[in-house]
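Here's a quick report on one protein chain. Have a look at the model, then read on.

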Amino acid sequence: MSKPPVYHDFIEACAGTSCPAQSGCPLCRLVGVAVQAALRVMLHDDNLLNPKTRDQLHQSLGFCREHTWLLLETQIGNALGISILYEDLLKQVQKGLSQAAEALEGQRSVRLKWARPGADKLSLEQQALRPERPCPACHAQESIERQALDMLSASLNEPDLVQALRSSGGLCLPHLDQAFARLSRTADRQLLLEISQQHLQSLREELLEFIRKNDYRFHHEKIGKEGNAWKRAMGIAVGEKRDGKL
């Protein structure tokens, strides 16, 4: 039986973290690559001219903070297309704020036509400033993350996937928590526990070695792969940056 694309993507992500200088949660890396691909599609010139896409971005007021800064850091999209999109979004917000100002002046109680259900409890200013729907990049991120976790929980009996996971930097704690929540078989839970303990122990040993070499008595010793262990430990604790880099 053929494996889904996310299976092969996960194994590739594990291989991409085999180098200690780049190691980190392979699932975070997979999700980061998928989100960037989704953003490239959303911000392609043809899509930005598509009324449906523009309407969705209007309702979400563009992208959330995390994915907006990801766009800037990775230089996805072009300056002209993004300028046109955000000029349109700001015009929409400005129109809503103007309606709020008019309502306050006339003490009228009205709702913006695009306000989401329950928005009647919000002031007109809040209605204009709050997105009607979630960030589309967040939606794409949650979708691929769910697919990858479901795949992982169903494939811990696959030798090539297990080997890839062992050779990776290990799952971050948030993804490890979500993975365990999906496992029902005792053997799978035991296997993931064993692999995770090995990864955590290895990282702790590197941290201890980095700490030791920062002692003045051993300051002359050259710092090796343990030099960025503290960065990797932070990534493992909370999840990697969505660009998959340290």
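What follows covers confidence, the nonpolar core and one buried acidic residue.

## How far to trust it

This is a predicted model, where local features need pLDDT of at least 70, side-chain atom pairs count only at pLDDT 80 or more, and totals for chains, interfaces and linings use all residues. Residues are numbered from 1 along each chain as its sequence is written, and side-chain values use heavy atoms, with hydrogens and water left out.

On pLDDT (the predictor's confidence in each residue, from 0 to 100), the chain averages 87, with 89% of its residues at 70 or more. Among its elements (helices are DSSP runs of H or I, at least four residues, and strands are runs of E, at least two, numbered from the N terminus), α10 has the highest mean, 97, and helix α3 (residues 45–48) the lowest, 83. Over residues 18–22 pLDDT stays under 50, and the model has 10 contacts (heavy atoms within 4.5 Å) beyond four places in sequence for them.

## The core

The largest nonpolar core (buried Ala, Val, Leu, Ile, Met, Phe, Trp, Tyr and Cys joined through side-chain atoms within 4.5 Å) holds 45 residues, and F10, L27, L39, F63, L152 and L171 touch the most other members. Elements giving two or more residues include α1 (5–15), α2 (26–42) and α11 (186–213). The biggest giver is α2, with 8 residues.

Not counting residues up to four places away in sequence, F10 touches P26, L27, L30, M151, L152, L161, L165 and L171.

## D88

D88 sits in helix α6. Its relative accessibility is 15%, so D88 counts as buried (under 20% relative accessible area; exposed is over 50%, partly exposed in between, with a 1.4 Å probe and protein chains only). Setting aside neighbours within four places in sequence, D88 contacts R54 and H58.
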